[in-house]
Structure formats: C-alpha cells, structure tokens
Amino acid sequence: MWGLVRLLLTWLGGWGCMGRLAAPARAWAGSRGSPGPALLRTRRSWVWNQFFVIEEYAGPEPVLIGKLHSDVDRGEGRTKYLLTGEGAGTVFVIDEATGNIHVTKSLDREEKAQYVLLAQAVDRASNRPLEPPSEFIIKVQDINDNPPIFPLGPYHATVPEMSNVGTSVIQVTAHDADDPSYGNSAKLVYTVLDGLPFFSVDPQTGVVRTAIPNMDRETQEEFLVVIQAKDMGGHMGGLSGSTTVTVTLSDVNDNPPKFPQSLYQFSVMETAGPGTLVGRLRAQDPDLGDNALMAYSILDGEGSEAFSISTDAQGRDGLLTVRKPLDFETRRSYSFRVEATNTLIDPAYLRRGPFKDVASVRVAVQDAPEPPTFTQAAYHLSVPENKAPGTLVGQVSATDLDSPASPIRYSILPHSDLERCFSIEPDDGTIRTAVPLDREAHVWHNLTVLATELDSSAQASRVQVAIQTLDENDNAPQLAEPYDTFVCDSAAPGQLIQVIRALDRDEVGNSSRVSLQGPLGPDANFTVRDNQDGSASLLLPSRPAPPRQAPYLVPIELWDWGQPALSSTATVTVSMCRCRPDGSMASCWPEAQLSPTGLSTGALLAIVTCVGTLLGTLVPGLSHFLMHPREKLWPPIPDLRICIDTLVVLFVALRRQKQEALMVLEEEDVRENIITYDDEGGGEEDTEAFDISALQNPDGAAPQVPGPLARRDVLPRTRAPRQPRPPGPADVAQLLALRLREADDDPSVPPYDSVQVYGYEGRGSSCGSLSSLGSEAGGAPGPAEPLDDWGPLFRTLAELYGAKEPPTP
C-alpha cells in the first residue's frame, strides 16, 4: 500500500516537471542517446521542478515527494547530492546518492504554505561542486481542514420598528483559513439557522435584512438571530461556523396617548391659594423618550378660569393647579375636560392617529373656616373739621360667609389711631369722632379696623379705613413771614420797598383769595398796593415820610373771601437808613456808632457828668490847699463823694461783666477734663447717663500736704510732682471733691475761675495785693483796718470791700 502511494507521489512530481520544464527534459533525454535535436542549454544540467506535499499527511515512514538528478551523474557513485534551505535536514531529507527527497513529518499549510530549498551536486571525493547550486520550491498542498469563523462576532444591531421588508440590519463576515485558490475549501455560503421568519441573510454577502413588515417594538423589542457560514460552497462535507446577531427594534412614535380612565375626581380646600397642586393626570403612551412626551390642556372655559394644567419636568404627567382663589360659598365643584397630546408626531405614522386623548375631570371645593369678609376692600370716609366729639363719620360692615348669622365684633387697632381721634361701635361698626379734628394738623387719618367672630376670636380680618378731614374757613390770613425792611432816606417817591406775601392755612377751595390793605389817608407814610394774587407791594408815597431814628411800623390788614370771611392785622417794620451810592445800607442807628464797646449811653453820660463835677470841685480845693498848707483837712466836697461812688459802682459792674464774658463753656475751651452736659441726669441712681471714667483724673488726686500754702498769684519756678493715682471712687461727689482739692494744691496752673495771670503787686504796701487769687476758698475776708486809714474819700470803697456778708439763714 505504501509503495503505491510513493509511486503516485513520484509520478505527480515527474508530471509537474515534464509539464513546466520541457526543454531541460529534452536535453536530459538527448544525453541518454535518444534521437532529437541538439542541446539548447548546456550550462544547466539539473532535472527538477516544483514539488508538492499534501498537508496534514502523516505516515509510518518518510514520504517520497520527488527526485533530483544531474546529467553529470553517470551512475558511478561519484556524485553526491546536497540539500540546504528551509526545513532541510529536519522536515526534508535527501538521499545523497540517488537525489530522492523525503518529508519526515506532517505539514500544515496554514502555518507555512511553501519551503524554498537549495540543491547542489558535488564530487563525493573532493566535495568540488559539479554544478552551480539551484533553488527550487516545495509547496504544501491544501486540504479542507479549517472551518469558517466570524472574527467580529457576536454582533449587535438596531433597526427601527415598523420597518419595511428588506431593510438592511447588519452585514456579517466569516473567514476561512484554507487556500481560496485551490478547490472550494474557502468558498463560503451564509444561511439563517435561527431568527426566521423575521430576518434573512444574503448567502454570498452576509447582509442581514428584515423579512416581515410592521415588527412592533411594544410586542417584542429584541431578537436573537443565528447566522451560519459553510465552506465547500455549502455542499455536504463542508465545514461550517456560526455567530449570533442581537437585533433591537428602536422606538418610533407609532402609538397615541391613552388615559387609563375616563373620569378623574379631585378635591381642594377653598383656602388653597393660586399655584396649589390639586392632582396629577397621566396618559399612557407605550413609546419611549421624546416619542412619549405629552402636552396637557383644559378644553372647557369653565375649568380654565379656575384651574390650570401644565406638564411636569419629565414631560409625562399633567399637573392640575389652582389658578384663582376658590370660594365654597360661591361654587362647590368644577367639571371640565382635559386633553393629552403628543408633542412630537411623525408624519409617516399619521395613519395610526390621532395622537391625543380626552378625559373628564371633576374638582370638589371643600369648605374651610374663614374670617369675616368686609363688604369693601377699603373704605374712604370724610368728616368736616372742628365738629364736636361723637360726630358720625361712617360705617364699616363685615359678614361671616360660613355662618351669615354669626355676630361680628369691630375694633380699631391702637397703633393706627395713636391720638385716639375716633371711636367705633363694637356691634355695628359705626365710626365717630372722639375729639374735634383740625384739617391743618392732619388731613388724612388712616385707621385699621379689625373684625372678629364673636364665637371664634382666631377668625379675624382687617380693612383699611381712610378718613379725610374736610376744610372749614377757620384760619385768618397772616403774613408769610415777619417783614423787617428798610428804605433809603434818599429814595424817590413811588419806589418799591418790599413785596409782602400773605398765607392762608385753609384749603384753596374754601378761601381762594386773600386781600391786603395798608393805612389810608393823605397822612399815611407808606402806601400798600394789593396785587390781587395774595401779595401786596409796599411803596414810598408821593410825600415821603419824614426821616427819623425810630423805625416805622406799617399796619397791614388781611382778610379772605371764605364763608364766613376772616381777617387779621399785621405790622411791617420799615427803618429809614443812610445808603451808599449803590443802594446798599450804610447805617440805620447813628447813636450806636458813638458808643464805645461795653458801655451804654447812660453810662457814658454818668461818666461825663462825674468828670465835670470832679474838675469843678478839685480845682478850687487844690487852690485852697496850696494857699493854706498848714491846714491838714481837705475842705468838704459833697458832690465829690457822689461821683466817686458812681465811678466805683460802674467799675465794679464793668469788672463783673468782664468776668462773666471770660467764664465761657465753649467747644474751644481747652481746660483739662472739663465736660459739659446739656441733659439732665437721673440722680445718684443713674449709672448709664454718662461714663464716670471721663470725670476721673488719670493721675489721681493727691491728699492735701500739710504746711503753708504757696502763693497762687505768682507763676512758680518748679512744677509740683504728680502723685500716683489711687483707685477711683465710685461716688461722684467724692470724685469732684478730690478734683477740687487737687486744683487748689497745684501751683503750676492758674486758677480756673479766671484766665488772667497777675504778677506780684503791692510789694511794701500795707494794703497788700488787691488780687483775690491768693485767698483760700471759703476763707474769711481780711481785716478792714488798713482800709479805714485811706480817709473819708475812700470810705465807700472800704465799705464795699470790707463789709462782711450777712449770716446765712
């Protein structure tokens, strides 16, 4: 058996050689002595061709696949054949003496389809090449040993539902590793194993298509199709492979919405405000995504006035909400229809429409406890001013809608009538005045009236009541402002001095006009001309007023035209002044320019009189003293004592005035720790009115040092050291006493009762210093004996300074 196979392989190899290389064969035959033409190729003495070996063949012995022979081989055994190249010595072996080539193991064409080898004939003894090496190929002949496979499987595909027959779904492709150029081992045919009758496949291309129309996603959304690929053209004996294709039907809007029930019933409280959710409605649509979006609307006008419907954020549910306030007593139920419509409609499926549905809705309004309701949203009442208390203004009314017979109690909220100008009857809501009203003080009074159910105080409502105070002519006209003007003494007759304006506090409609009139007659110093617009012009008459220092007082009469008419009289002050060339005032009080600052006219006259008296008395007395030097007594002068007393009184008054002018408490006063309060404190218990720490001395008050007191009318050369501050007292009286003691003992600062600094004066004088700065507070005045030595001329002055104060009662 194996011998026959070897003969067959040898014959196939020889047949290929004879068919492909005829010329070398003839040359080889001619060399054996056969008749024929002469040799055409003398350089190539090989006899060889392509050799074939069947894949996957395995036998007990190496298989002969061909033979190599050279014309230099004479059969003497001197020629040796060598084989090199791919698989030489392992896969392929050659007989060195005969040139037979054998394959030693089973080959797989899918691993390696051919082998390239190099054959050479050499001398066996010397290994000298007898022929140049020549290349030849050994091909592995294919057999159908590989089934088809789908490298991209399993597959997933999507096709719209309701697609027509033949709609392409997907293309599947299988691969066969066998040689497509040899036989039908790689020729594939596609068939559907599972998925009929919904899908089909093209046998040659592998394109999967729909096989039936109107496949409905809502009935079946996913299909599993099994596709087979078979080689050998699909004939018996061929190998096959299969894959799966998962086909999903995508959604289209082919289903209209549908309400699951024809009637929906809801209830809502009458107190529900606009926007309150009443209920949800959902129309069912088996489609998905945008194809299932809904739009809801109310068809009947009755329901659209009280309710509104909108779509939720997902676009599926209809939200029914309150549109306007509901009232159980007015209407207890609403019935209307609601329509649901698809927002996206595919024209290709209009035949399956209409894509909308209608359902009925009934909403019942439930009763809720309500506060009383006023007959008006706001009230506007009026009452004349100056009416007696108890005058009727108006009436407000409220009812309980839940129980119309329930009693209501009325009251005015206190914060809306702080002055208690009105009162209200608790039972019937009648509003009356409590005090006389004044329109000029308040034109409008805005009250808040509260209505409360008598049996339920929690149920209450409010209403605004605006009361207008009507005007009456109860105010006489008056000047708009006090007029104090001037006129130049050189003014021409008829010159305008001042425009006088009148003011009537009454309402314009009650007193539309104010008239003004001045003094009449030829002796009038000024003329008043009514401008007929509530003002008058003050003019200089043709006969000017005689000049004088005192101002003129011009009487003005004002009256209105109300019912009844009211009048008043006012005065305009006009001063006669000297004016500059440009018309500005130069002076109006000539006697004031002659008076020195700080002294009145009477004081100046007293001084002048005293000076004259002194001159008139001292001159004769001096002459008498010079003529009679031996006389020690001054002649008596009665008037001189009076003048001296007058001068002393004026001096003391001027000194006191100066001291009062110096003792000021202004913001510019920079004395240390002096704080001025403009408000009255709350007494000793008041600890919140001011910060007591502001009154405390930061350095403390030092205790009084025993010893003689330093002079305080002389600026010391050294400053007294500051004592450490003790803990501040909490008592204000004690704090002030410490501060006063510190100020009295500190010689480095002037006394606070005067800003004047006096030097040491009266040195060597028996009277000492006249300054009071060196005196102790509360000390007794000094002895009056030195003052008595001054003589009778200074007796009044001695009595003034040496008199003791009367005892305190």
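Colleague: What do the side chains of D317 and R280 meet in?
Modeller: They meet in a salt bridge, 3.2 Å from N to O. A salt bridge here is a side-chain nitrogen of Lys or Arg within 4 Å of a carboxyl oxygen of Asp or Glu. D317 lies in strand β21 (residues 317-322) and R280 in strand β18 (residues 277-282), so the pair ties together parts that are 37 residues apart in sequence. The strands are DSSP runs of E with at least two residues, while helices would be runs of H or I with at least four, and both are numbered from the N terminus.

Colleague: Before I go on, what sort of model is this, and which pLDDT do local features need?
Modeller: This is a predicted model, where local features need pLDDT of at least 70 and side-chain atom pairs count only at pLDDT 80 or more, though totals for chains, interfaces and linings use all residues. Residues are numbered from 1 along each chain as its sequence is written, and side-chain values use heavy atoms, with hydrogens and water left out.

Colleague: Okay. Is D317 buried or exposed? And what about R280?
Modeller: D317 counts as buried, at 10% relative accessibility. R280 is partly exposed, with a relative accessible area of 46%. Buried means under 20% relative accessible area, exposed means over 50%, and partly exposed is in between (1.4 Å probe, protein chains only).

Colleague: Which residues share a network with that pair?
Modeller: Salt bridges with shared partners join R280, R282, D312 and D317 into one network.

Colleague: How many salt bridges turn up in the whole structure?
Modeller: Twelve. One of them is R217 with D251, whose closest N and O atoms are 3.0 Å apart.

Colleague: Where do R217 and D251 sit?
Modeller: Both are in loops: R217 between β14 (207-210) and β15 (222-230), D251 between β16 (240-250) and β17 (263-269), so this pair ties together parts 34 residues apart in sequence. R217 is buried at 8% relative accessible area, and D251 is buried at 17%.

Colleague: Which other side chain makes a polar contact with D251?
Modeller: The side chain of N291 does, at 2.9 Å from the D251 side chain. A polar contact is a pair of N or O atoms within 3.5 Å; within protein, one must be able to donate a hydrogen and the other to accept it, and residues adjacent in sequence count only if both atoms are side-chain atoms. N291 is in the loop between β18 and β19 (294-298). Leaving aside neighbours within four places in sequence, N291 is in contact with D251, V252, N253, D285 and N342. Contact means heavy atoms within 4.5 Å.

Colleague: Back to β21 for a sec. Which way do β20 and β21 run, and how many bridges join them?
Modeller: They run antiparallel, with five bridges joining β20 (residues 307-311) to β21. Two strands pair if DSSP finds at least two bridges between them. T311 stands opposite G318 in β21. The hairpin has five residues between the strands, and G315 takes a positive phi near 75 degrees there.

Colleague: Changing topic: how many disulfides are there?
Modeller: One. It joins C488 to C579, S to S 1.9 Å; a disulfide is a pair of cysteine sulfur atoms within 2.5 Å. The link of C488 and C579 is left-handed, with -95 degrees about the S-S bond. The pair links distant parts of the chain, C488 in β34 (residues 484-488) and C579 in β40 (residues 567-579), 91 residues apart. C488 is buried, at 15% relative accessible area.

Colleague: And where is A434?
Modeller: A434 lies in the loop between β30 (430-433) and β31 (444-453). A434 is partly exposed, at 32% relative accessible area. Leaving aside neighbours within four places in sequence, A434 is in contact with P389, R420, C421 and F422. Of these, C421 is buried, at 5%.

Colleague: What order do the strands of the sheet with β30 take?
Modeller: It's an open sheet of three strands, β26-β30-β29, with antiparallel pairing. The edge strands, β26 (392-395) and β29 (422-424), each pair on one side only. Three bridges join β26 to β30, and L392 has R432 in β30 as its bridge partner.
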